[in-house]
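Biologist: Got a minute to go through this model with me? I'd like to know what is behind the labels.

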Amino acid sequence: MASKPVLIDAEITHYPTRPQGAAWITTRVDTAHGLTAPRPNPVPGARAMRRTSLGHEATERLTHWIASYSVVVLRLSLGGIFCWFGLLKFFPALSPAEALATRTLATLTLGYLAPPLSLLLLACWETAIGLGLLLGVYPSVTLALLFLHMGGTFTPLVLFPQEMFAHIPYAPTFEAQYILKNLVFISAGCVIVASLGGRRRERASGQGALGNVTPATAWEETSP
């Protein structure tokens, strides 16, 4: 029997406009079985939202890491600088601050302290501060030595103002700039003192459990 062609009128269907934010629907064809299945496509702004979410997550992790380790990094870097500069003073003519340091100490002691001895004492002092910060021992003694030493470093500005400033008081010389940078060291020491004080208050109020020691407070917990 001969087959007759059958004509089917195609009905045109008008779909409403896709609402803003709705997902696109496409068709996935399974060539093996001849089946089709709808496959949603992501919203055009979904990738941007994911990137924003990942950015926020990375920022939160970085902030958490900084909050946990910033004081430790500050303490170790400060200790490394003190230890480095202190060791240089054990070797004559190796430290660029040797001449200024010995002259200042000789003026403060009215000449009773010889330059070689004063340089040796200063080297021991700075090295002790550096080791205390690096090893995390005796925080109170270490920080006291640090602030006392920092106070002494500013005395050349008063003792030798003509040599410390090309134009007093707004144009410091190279030596004066070397001294003024110690303001950063003082600020770093204040941050470390504040972190230790905050930990002590937590322990006094019963909030700082021994099992919740953070890197920022490990110096106090492990100190003898």
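Modeller: Sure. The model is predicted, so to speak: local features need pLDDT of at least 70, side-chain atom pairs count only at pLDDT 80 or more, and totals for chains, interfaces and linings use all residues. Residues are numbered from 1 along each chain as its sequence is written, and side-chain values use heavy atoms, with hydrogens and water left out.

Biologist: At what angle do the axes of α1 and α3 cross?

Modeller: Roughly 155 degrees, and the axes come within 7 Å. Axes are lines fitted to C-alpha atoms, for helices over the stretch in contact, and angles run from 0 to 180 degrees between N-to-C directions.

Biologist: What makes α1 and α3 roughly antiparallel?

Modeller: Angles over 145 degrees count as roughly antiparallel, and theirs is roughly 155 degrees, so α1 and α3 get that label.

Biologist: Which residues of α3 does α1 meet?

Modeller: Among them are Ala123, Glu126, Ile129 and Leu133; contact means heavy atoms within 4.5 Å. The residues of this contact divide into 11 nonpolar, five polar and two charged.

Biologist: What makes up the largest nonpolar core?

Modeller: 11 residues, including Leu78, Ile129, Leu146 and Phe185. A nonpolar core is a set of buried Ala, Val, Leu, Ile, Met, Phe, Trp, Tyr and Cys residues joined through side-chain atoms within 4.5 Å, where buried means under 20% relative accessible area (1.4 Å probe, protein chains only). α8 gives the most to this core, with four residues.

Biologist: Which residues is Phe185 in contact with, leaving aside its neighbours within four places in sequence?

Modeller: Leu78, Ile81, Phe82, Leu146 and Met150.

Key
Buried < 20%, exposed > 50% of the residue type's maximum accessible area, 1.4 Å probe, protein only. Helix = DSSP H or I, 4+ residues; strand = E, 2+ residues; numbered from the N terminus. Parallel < 35°, antiparallel > 145°, perpendicular 65-115°, else oblique. Nonpolar A, V, L, I, M, F, W, Y, C, P; charged D, E, K, R; others polar.
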